[in-house]
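User: I would like a close look at a single part of this model, followed outward into the elements around it. Please take it step by step and keep the reasoning visible.

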Amino acid sequence: MDIEKTDNQPFTLPPSDFHENNSIQSSSSVETKKLDTSLSINLRPPPADRSFDDDEDSTRKPIVVKKSTVAVPSNVRVYSVADLQIATSSFSVDNLLGEGTFGRVYRAEFNNGQVLAVKKIDSSALPHSMTDDFTEIVSKIAVLDHPNVTKLVGYCAEHGQHLLVYEYHSKGSLHDFLHLSEEESKALVWNSRVKVALGTARALEYLHEVCSPSIVDKNIKSANILLDSEMNPHLSDTGLASFLPTANELLNQTDEGYSAPEVSMSGQYSLKSDVYSFGVVMLELLTGRKPFDSTRSRSEQSLVRWATPQLHDIDALGKMVDPALEGLYPVKSLSRFADVIALCVQPEPEFRPPMSEVVQSLVVLVQRANMSKRTVGVDPSQRSAETTNDYM
């Protein structure tokens, strides 16, 4: 999707039917990934059906070199298909939590009462024959460790099926809160929206600037931001798009309004395209609108195109705010929030800030809000609990 912007100058930054075989692999077995070696060995073993004095060249047969193995971290449990079928009631529709680019996600409740989320990766994202590649992907995702990143706790690689088992977050996705909820009690107050933005920014800062090598998420959207019982955000599917071999092709088949201009043109992702997508999520938090909404008039279908020219106009900004907030928000906080958005959604990737700067700007915004005596936009039942620690 082309994104228009009238001013090309940079801004400055303010302070997810199985077929079971008769034998089911034990859930305690550990899958391993076989890695290619660079050795190429050709030996000449005695042929079984020919004499030794046959033509020498015709008896040459390559010996397949066995591959070395890399074990999945011991803190990640290996599940069998049977384990997950029981926990999800045979992957019933009643347990379906959502469906994304790479597969469906189901709620799984185990005999011990533990509730987890199971993502079944589609064969279009990872062919059934690529189990070795899947185990390597698991080993890479399993090491990701951050409070705002949904943690991988297990996986299943049986009978050509590829499933990931994650921790479960009870409140669902940010997308559901902003666009599907019709209950006033579920509306996010302003402080909670800032909290979600900061936590998500911290997750991206971790992927971009702490992980080595850096991880480009490629799939930042409100549907992939999960909320726990305390409304803390957790980025889901983290790293999956970076490691799946067909991820770019699948992601580029649809445009939900999150793609940076350069991605829409070239299909190539970068750290800065993640920053852009994050800016779109912030726009969702501010306006309550979807990134692309075909039900609106043509001039308002693209959220970025419609909102960007108004981000520095305080009067227009006030009219853009999500009506669900009912006007309860600090004006200065809203303005600074809009400033960060404007930086992130700039059409030129080189002008977008690194996520560490975005985090710092949101931290400053929160600190200033906490220094204020105003309680506008804070749910009365949460006033005593809304402290700086909520955002750190």
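In which helix is the place of Phe 337?

Analyst: This is a predicted model, and what follows should be read as a description of that prediction. Phe 337 has its place in helix α11, which spans residues 331–344. Its relative accessibility is 0%, and because buried means under 20% relative accessible area, Phe 337 counts as buried. Setting aside residues up to four places away in sequence, Phe 337 touches Trp 190, Val 194, Ala 197, Met 282, Leu 285, Leu 286, Leu 362 and Leu 365. A further spatial relation is that to Leu 311, which is 26 residues apart from Phe 337 in sequence and 9.4 Å apart in space, C-alpha to C-alpha.

The contacts of Phe 337 include Ala 197, Met 282 and Leu 285, and these three residues also take part in the meeting of two helices, α4 and α8. Helix α4 comprises residues 190–210 and helix α8 residues 271–287; their axes come within 10 Å and cross at roughly 170°. Since angles over 145 degrees count as roughly antiparallel, α4 and α8 are therefore roughly antiparallel to each other. On the α4 side the residues that meet α8 are Arg 193, Val 196, Ala 197, Thr 200, Ala 201, Leu 204 and His 208, while α8 contributes Leu 271, Asp 274, Phe 278, Met 282 and Leu 285. Sorted by class, this contact of α4 with α8 holds eight nonpolar, two polar and two charged residues.

Another place to follow is His 179, which lies in helix α3, residues 174–180. With a relative accessible area of 17%, His 179 is buried, and its side chain makes a polar contact of 2.7 Å with the side chain of Glu 284. Apart from neighbours within four places in sequence, His 179 is in contact with Ser 222, Glu 284, Gly 288, Arg 289 and Lys 290.

The loop between α4 and β11 (225–227) holds two residues with backbone features worth inspecting. One is Pro 213, which has its place in this loop and is joined to Ser 212 by a cis peptide bond, with omega near 0°. The other is Lys 218, also placed in the loop between α4 and β11, which has a positive phi of about 75° although it is not a glycine. At 18% relative accessibility, Lys 218 counts as buried. Ser 90, found in the loop between α1 (81–87) and β6, likewise has a positive phi, near 60°, without being a glycine, but Ser 90 is exposed, with a relative accessible area of 54%.

The strand β6 leads on to the sheet. Six strands form an open sheet of mixed pairing, in the order β5-β9-β10-β8-β7-β6; β5 (77–78) and β6 stand at its edges, each with a single partner strand, so one side of each is left without a neighbour in the sheet. Strand β6 (residues 96–99) pairs with β7 (residues 103–109) in the antiparallel sense over three bridges, with Leu 96 opposite Tyr 106, and a hairpin joins the two strands through three residues. On the way to β8 (residues 115–121), β7 again pairs in the antiparallel sense, here over seven bridges, and Glu 109 has Val 115 as its bridge partner. The hairpin of β7 and β8 has five residues between the strands, and in it Gly 113 takes a positive phi near 90°. Helix α2 (residues 131–142) lies across β8, β9 (152–158) and β10 (161–167), and runs at about 175° to β9.

Technical notes: Residues numbered from 1 in each chain as written. Predicted model: local features only at pLDDT ≥ 70, side-chain atom pairs only at ≥ 80, totals over all residues. Heavy atoms only, no water. Axes fitted to C-alpha atoms, helices over the stretch in contact; angles between N-to-C directions. Helix = DSSP H or I, 4+ residues; strand = E, 2+ residues; numbered from the N terminus. Parallel < 35°, antiparallel > 145°, perpendicular 65-115°, else oblique. Contact = heavy atoms within 4.5 Å. Nonpolar A, V, L, I, M, F, W, Y, C, P; charged D, E, K, R; others polar. Pairing = 2+ DSSP bridges. Buried < 20%, exposed > 50% of the residue type's maximum accessible area, 1.4 Å probe, protein only. Polar contact = N/O pair within 3.5 Å; in protein donor to acceptor, adjacent residues only side chain to side chain.
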